[in-house]
Amino acid sequence: MRYTLTGKVTPKARPRFGGGRAYLPQKYRDWKDNAIVELLSQSGQTGQIMRAEISIDLFGAHRGDLDNLAGSVLDALVQSGILLDDRLSVVSKLSIAHHTSRTPSCAIDIVELSRTNVK
């Protein structure tokens with residue numbers, strides 16, 4: 001399966017603390033909400049992927065650490081319901097590459113190894 005996210009990926013943010021509670025920065029929450037909508041619009045699947053190998057290709061000029069960029073993408077896959085979780089028991093192989101030669105976007109290739117039953 002291949003999914004595409006438009007624009008720059010926002011790196012996974014560390015929780016901030018204020019008003020006696022933890023929260024994630026608005027920029028990250030907005031990016032993730034938009035990414036989930038994009039993923040769901042491309043997903044025709046039923047059930048969640050229980051085991052997979054994932055390849056993430058980031059295009060354009062990004063800032064931040066590569067692992068935080070991948071973390072954002074994995075969070076969006078999990079919260080969209082495409083991927084059961086991003087633990088090692090679910091994602092057995094993860095490949096991440098950054099390319100500066102194109103319009104900002106993200107290509108996600110998933111090799112599905114097993115899936116939950118259709119709901």
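This tour moves through a predicted model, from a pair of strands to a histidine, then to the nonpolar core and the salt bridges.

**Strands β4 and β5.** Begin by selecting residues 49–59, which form strand β4, together with residues 91–99, which form strand β5; the two strands pair in the parallel sense over eight bridges. Within this pairing, I56 stands opposite I96 of β5. If you then add helix α2, residues 66–79, you have a right-handed β-α-β unit made of β4, α2 and β5.

**H98.** Stay on strand β5 and select H98, which is found there. With a relative accessibility of 33%, H98 counts as partly exposed. Next, display L58, whose C-alpha atom is separated by 4.7 Å from that of H98, although the two residues are 40 residues apart along the chain. Leaving aside neighbours within four places in sequence, H98 is in contact with L58, G60, A61, H62 and L66. Two of these deserve a closer look: the backbone oxygen of G60 lies 2.8 Å from a polar atom of the H98 side chain, and the side chains of H98 and H62 are joined by a polar contact of 3.3 Å.

**The largest nonpolar core.** Now select I54, L77, L83, I108 and I110, which, of the 25 residues in the largest nonpolar core, touch the most other members. Elements that each supply at least two residues of this core are β1 (2–6), α1 (26–42), β4, α2 and β6 (105–115), and the largest share, six residues, comes from α2. Centre the view on L77, which, apart from its neighbours within four places in sequence, is in contact with L39, I54, I82, L83, I108 and I110.

**Salt bridges.** The structure holds three salt bridges. Select R2 and D109, whose side chains meet in one of them at 2.7 Å, N to O; this pair links distant parts of the chain, with R2 in strand β1 and D109 in strand β6, 107 residues apart. R2 is exposed, at a relative accessible area of 52%, whereas D109, at 23%, is partly exposed.

Move next to D75 and K12, whose side chains meet in a salt bridge at 3.3 Å, N to O. Because D75 lies in helix α2 and K12 in the loop between β1 and β2 (16–18), the pair ties together parts that are 63 residues apart in sequence. D75 is buried, with a relative accessible area of 12%, while K12 is partly exposed at 35%.

Finish with R87 and D85, whose side chains meet at 3.2 Å, N to O, in a salt bridge; R87 is partly exposed at 46%, and D85 is partly exposed at 22%.

Technical notes:
Residues are numbered from 1 along each chain as its sequence is written. This is a predicted model: local features need pLDDT of at least 70, side-chain atom pairs count only at pLDDT 80 or more; totals for chains, interfaces and linings use all residues. Side-chain values use heavy atoms; hydrogens and water are left out. Two strands pair if DSSP finds at least two bridges between them. Helices (H or I, at least four residues) and strands (E, at least two) are DSSP runs, numbered from the N terminus. A crossover is right-handed if, with the strands pointing away from the viewer, the path from the first strand over the helix to the second runs clockwise. Buried means under 20% relative accessible area, exposed over 50%, partly exposed in between (1.4 Å probe, protein chains only). Contact means heavy atoms within 4.5 Å. A polar contact is a pair of N or O atoms within 3.5 Å; within protein, one must be able to donate a hydrogen and the other to accept it, and residues adjacent in sequence count only if both atoms are side-chain atoms. A nonpolar core is a set of buried Ala, Val, Leu, Ile, Met, Phe, Trp, Tyr and Cys residues joined through side-chain atoms within 4.5 Å. A salt bridge is a side-chain nitrogen of Lys or Arg within 4 Å of a carboxyl oxygen of Asp or Glu.
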